[in-house]
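Reader: I would like to go through this model with you. Please start with the side chains and then move on to the fold.

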Amino acid sequence: ESSKNEVFTYVEEIPTFPNGVEAMYKYIYENIKYPATAREMGISGQVIIQFIVSKEGDILNAKVLRGVGGGCSEEALRIVKDMPRWEPGKHDGKPVPVTFTLPIKFVLQEKEKNESKPAINNNFPEVENQVSVSISPNPSNTFVHIEIPVNVTSVSIFDSSGKLILN
């Protein structure tokens, strides 16, 4: 029997973002901004955010486990804290609070500043003058690659297999 306030690390059913992983990718895509300071300083890298999904599905105690500077850590933390309520994890058939870790990788491939709208693409040829952000949810074996090209005229989102999610 677990204590009433125990926060679980492993559960029978993990917490899920509303409408699933693809919806989480879309949420991140629509809300993430590559920080200007990181762009100006050429900073990239992986930010690891850890948080608790409460038994009600709220995001609690979000913190940066590993950051990269230039505002990337703050941006990743902002995205997580602003997430809508999740479907809580379950253990023994009951909703329980669960620790969740989400790595968000910022990859700057273009040194000049740009304020263009992000576009997601995965497993496709590299494009010149682009900024890429990769998000790899944990636990998951999926991977998303977000490209932020200069002068975007259209946006498409693909899953890790190259399947079109949003156009």
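Reader: What is the relative accessible area of Arg 78?

Author: A word on the basis: this is a predicted model, in which local features need pLDDT of at least 70, side-chain atom pairs count only at pLDDT 80 or more, and totals for chains, interfaces and linings use all residues. Residues are numbered from 1 along each chain as its sequence is written, and side-chain values use heavy atoms, without hydrogens and water. Buried means under 20% relative accessible area, exposed over 50%, and partly exposed in between (1.4 Å probe, protein chains only). Arg 78 is partly exposed, and its relative accessible area is 29%.

Reader: Which residues does a salt-bridge network with shared partners join to Arg 78?

Author: A salt bridge here is a side-chain nitrogen of Lys or Arg within 4 Å of a carboxyl oxygen of Asp or Glu. Arg 78 pairs with Glu 75 at 2.7 Å, N to O, and with Asp 82 at 3.6 Å, N to O. Because these salt bridges share partners, the residues that join Arg 78 in one network are Glu 75 and Asp 82.

Reader: By about how much of a helix are Glu 75 and Arg 78 separated?

Author: Helices are DSSP runs (H or I, at least four residues), strands are likewise DSSP runs (E, at least two), and both are numbered from the N terminus. An α-helix has 3.6 residues a turn, so residues three or four places apart point the same way. Glu 75 and Arg 78 are three residues apart in helix H3, so their separation is about one helical turn.

Reader: Is Glu 75 buried or exposed? And what about Asp 82?

Author: Glu 75 has a relative accessibility of 10%, which puts this residue in the buried class. Asp 82 comes to 47% relative accessible area, so the class for Asp 82 is partly exposed.

Reader: Which residues of H3 are buried?

Author: H3 covers residues 72-81, and seven of its 10 residues are buried, so the helix is largely enclosed by the rest of the structure. Contact means heavy atoms within 4.5 Å, and the buried residues of H3 pack against helix H1 (21-31), helix H2 (36-41), strand S1 (45-53), strand S2 (59-66) and strand S5 (98-107). The buried residues are Cys 72, Ser 73, Glu 75, Ala 76, Leu 77, Ile 79 and Val 80.

Reader: Which side chain meets Arg 85 in a salt bridge?

Author: Side chains of opposite charge can pair when their charged atoms come close. For Arg 85 the N to O distance is 2.9 Å, and the partner is Asp 58. This pair links distant parts of the chain, 27 residues apart, with Arg 85 in the loop between H3 and S3 and Asp 58 in the loop between S1 and S2. Arg 85 is exposed at 51% relative accessibility, whereas at 27% the partly exposed partner is Asp 58.

Reader: How many salt bridges does this rule count?

Author: The pairs include Arg 85 with Asp 58, and Arg 78 with Asp 82. The full count is three.

Reader: What is the positive phi of Asn 19?

Author: Most residues other than glycine have a negative phi, and most peptide bonds are trans. Asn 19 is found in the segment before H1 and is exposed at 78% relative accessibility. Its C-alpha lies 9.1 Å from that of Trp 86, although the two are 67 residues apart in sequence. Asn 19 is not a glycine, yet its phi is about 70°.

Reader: Where does Asp 92 lie?

Author: Asp 92 also has a positive phi, about 55°, although it is not a glycine. The residue is exposed, with 59% relative accessible area. Its place is the loop between strand S3 (89-91) and strand S4 (94-96).

Reader: How many helices and strands does the protein chain have?

Author: From the N terminus on, the order is α-α-β-β-α-β-β-β-β-β-β-β-β. Of the contacts with a separation of 6 or more, 71% are between residues 24 or more positions apart, and buried residues make up 44% of the 167 residues. The tally is three helices and 10 strands.
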